[in-house]
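Please work through the exercises below with the sequence and the model side by side, trying each task before reading its solution.

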Amino acid sequence: MKNSNVFFWSLVVALGGFLFGFDTAVISGAEKAIQQVWSLNPVEHGFTISIALIGTVFGAIFGGLPSDKLGRRQTLIWIAVLYFVSALGAALTSNWVAFMVFRFLGGLGVGASSVTAPLYISEVSPPESRGRMVSMFQFNIVLGILVAYLSNYLLTGMGSEDWRWMLGVQVLPALVFFLLLFQVPESPRWLIGQGRVEEGRRVLQLINPAQADQDVASILTTNAADEALGGGHSLFARQYRGPVMLAVLFAVFNQVSGINAIIYFAPRIFEMTGLGKGSALLSSAGLGLVNFAFTLLARQFIDRFGRRKLMLIGSYGLIVTLGLVAWAFYRQDFSALGGMLVPVLLFVYIAFFAFSQGAVIWVFISEIFPNTVRAKGQALGSSTHWVMAAIIAFTFPYFAEKLGGGNTFAFFCAMMVLQLLFVWRLMPETKGTSLEQLEKTLVLH
């Protein structure tokens with residue numbers, strides 16, 4: 001098996017995840033300066049920070065359309081263009097409305113890449129390594145988050161408009177992503193679905209020559225079976241209701257864990273516990289480092305332990321850590337561990353999240369839908385994820401102020417109890433099984 005081909009293609013496409021993570025986290029170091037530059041009230045400020053997430057929702061909702069019409073590769077090329085234009089424009093503009101437009105474009109890129117990149121990697125990866133390959137996307141997301149946090153820390157103090165540098169450096173990885181995509185072939189499953197069977201066969205031969213003909217036959221058979229059932233390319237046909245339910249619930253639980261609120265507002269959360277600005281920013285960089293390390297660890301276990309076991313471990317850890325953070329805020333006692341109690345607890349929280357939800361979400365959603373509706377299913381799961389992310393990011397400052405940190409983190413904790421029940425009772429295992437075989441298991445026939 002020529003895994004070097006799959007690894008290279010996956011690595012290039014996963015750079016979309018790096019830009020996803022960088023774009024998501026970079027705003028945390030700039031959000032206070034942005035509020036001051038345009039004298040934004042709390043509602044305007046929340047809207048400005050969440051505008052990228054609103055763009056992400058639209059990118060996720062509609063990202064499946066170009067993936068189906070243009071192909072996975074061509075869609076990724078346009079995503080790279082969006083990232084480049086967004087970073088350059090947001091860094092240079094002096095107009096508040098223009099700033100929000102450029103951030104919205106970046107959000108479109110994030111949303112579309114969360115659909116297309118895992119989709120592509122899933123469709124080119126062999127069953128035994130699909131978890132590791134697709135989780136490379138998440139690995140690059142957290143690498144992007146880490147680099148954004150470190151970049152923000154290093155660029156802080158570079159003049160009164162240091163936030164412009166924080167946002168603008170993203171043009172460099174966006175350009176690299178754009179250029180490398182021309183070295184990546186189209187997804188063989190998309191090609192075969194378009195009737196370009198011989199082109200798809202040639203790509204499959206680059207992946208595994210001995211298995212290529214059998215894979216082509218299996219793909220053609222399952223595609224024909226879907227058409228025969230009458231659902232065809234309609235995601236909401238009766239036979240797909242199981243994968244639809246799993247994708248929506250999984251995406252909702254990902255965000256009601258509070259992860260994006262913590263990533264977006266980490267410095268502010270740490271300042272609520274009494275840390276100074278510099279220490280708060282450095283602690284945020286620490287979150288990124290822990291996220292990176294445990295995502296890397298999860299990649300080593302996702303195909304060995306399976307998706308479900310990682311989710312069980314993570315759910316227990318998230319319940320405990322979020323409960324302890326809520327307890328600390330209720331008591332308003334942050335003196336333990338030299339004033340670092342909440343940062344340390346959130347470091348542990350991030351470790352459990354990265355080892356479970358963070359590593360599993362894009363792998364699991366990319367696996368559970370049939371070939372004929374995979375792009376639409378990925379778009380559904382991704383858009384649900386980002387709708388919830390936008391709601392959480394928009395409302396977190398308000399609820400943290402009005403309800404206090406204790407009640408806010410207690411809510412996240414309660415949601416993780418529900419996630420544990422979901423994993424225990426409803427989530428199937430998908431490791432080591434071909435996409436076509438999973439279809440036979442999960443789709444009603």
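The exercises that follow concern a predicted model, and each task is paired with a worked solution.

**Exercise 1. Helix α2 and the loop before it**

Task: Find where Ser39 lies, decide whether Ser39 is buried or exposed, and state what is notable about its phi.

Solution: Begin with the position, since Ser39 sits in the loop that joins α1 (3-37) to α2. Next take the accessibility: Ser39 has a relative accessible area of 61%, and because the cut-off for exposed is over 50%, Ser39 counts as exposed. Finally look at the backbone, where phi of Ser39 is near 50 degrees, a positive value in a residue other than glycine. For comparison, most residues other than glycine have a negative phi.

Task: Compare the end-to-end reach of α2 with the expected value, and locate its kink.

Solution: Start at the beginning of the helix, where a side-chain oxygen of Asn41 comes to within 3.0 Å of the backbone nitrogen of Val43. Then follow the 21 residues of α2 (residues 42-62), whose first and last C-alpha atoms are 30 Å apart, close to the 30 Å expected at 1.5 Å a residue. Within α2 there is nevertheless a kink of about 45 degrees, and its centre is Ser50.

**Exercise 2. Aromatic pairs**

Task: Among the 22 aromatic pairs in the structure, classify the pair formed by Phe58 and Phe62 from its ring geometry.

Solution: The ring centres of Phe58 and Phe62 are 6.4 Å apart and the ring planes stand at 15 degrees, so the pair is stacked, given that planes under 30 degrees apart count as stacked. As for their place in the chain, both residues belong to helix α2 and are four residues apart, about one turn of the helix. Phe58 is partly exposed at 40% relative accessibility, and Phe62 is likewise partly exposed, at 44%.

Task: Classify the pair of Phe301 and Phe305 by the angle between their planes.

Solution: Here the ring centres are 4.8 Å apart and the planes lie at 35 degrees, so the pair of Phe301 and Phe305 is tilted. Phe305 has a relative accessible area of 32% and is partly exposed.

**Exercise 3. Helix α6 and Arg130**

Task: Check the span of α6 against expectation, and then describe its bend and its covering.

Solution: At 1.5 Å a residue, the 26 residues of α6 should span 38 Å, and the 37 Å between its end C-alpha atoms agrees with this. A bend of about 30 degrees is found at Met136. The helix is mostly covered, with 20 of its 26 residues buried. After α6 comes Gly157, which has a positive phi near 95 degrees.

Task: Is Arg130 buried or exposed, and which residues does Arg130 touch?

Solution: Arg130 belongs to helix α6 (residues 130-155). Its relative accessible area is 1%, and because the cut-off for buried is under 20%, Arg130 is buried. Leaving aside residues up to four places away in sequence, the residues that Arg130 touches include Asp303, Arg307, Glu367 and Thr430, together with Ser122, Ser125, Thr433, Ser434, Leu435 and Leu438. With Thr430 there is also a specific approach, in which the side chain of Arg130 reaches the backbone oxygen at 3.4 Å.

**Exercise 4. The nonpolar core**

Task: Which members of the largest nonpolar core touch the most other members, and which helix gives the most to this core?

Solution: The core has 134 residues, and those that touch the most other members are Leu346, Tyr349, Trp386 and Phe409. Helix α17 (residues 341-367) gives the most to this core, contributing 16 residues. Taking Tyr349 as a case, its contacts beyond four places in sequence include Ile259, Ile262, Leu318 and Leu322. Trp386 also appears in an aromatic cluster, which it forms with Phe20, Phe137 and Trp362.

**Exercise 5. Tyr330**

Task: Describe the setting of Tyr330 and find its polar contact with Asn407.

Solution: Tyr330 lies in helix α15 and is partly exposed, with a relative accessible area of 49%. Although Tyr330 and Gly405 are 75 residues apart in sequence, their C-alpha atoms are 7.4 Å apart in space. Not counting residues up to four places away, Tyr330 touches Gly406, Asn407 and Ala410. Of these, Asn407 makes a polar contact with Tyr330, side chain to side chain, at 2.6 Å.

Conventions
Residues numbered from 1 in each chain as written. Predicted model: local features only at pLDDT ≥ 70, side-chain atom pairs only at ≥ 80, totals over all residues. Heavy atoms only, no water. Helix = DSSP H or I, 4+ residues; strand = E, 2+ residues; numbered from the N terminus. Buried < 20%, exposed > 50% of the residue type's maximum accessible area, 1.4 Å probe, protein only. Polar contact = N/O pair within 3.5 Å; in protein donor to acceptor, adjacent residues only side chain to side chain. Contact = heavy atoms within 4.5 Å. Expected span 1.5 Å × (residues − 1). Bend = angle between axes of the 7 residues up to and from the residue. Core = buried A, V, L, I, M, F, W, Y, C linked by side-chain atoms within 4.5 Å. Phe/Tyr/Trp six-rings, centres within 6.5 Å; stacked < 30°, edge-to-face > 60°.
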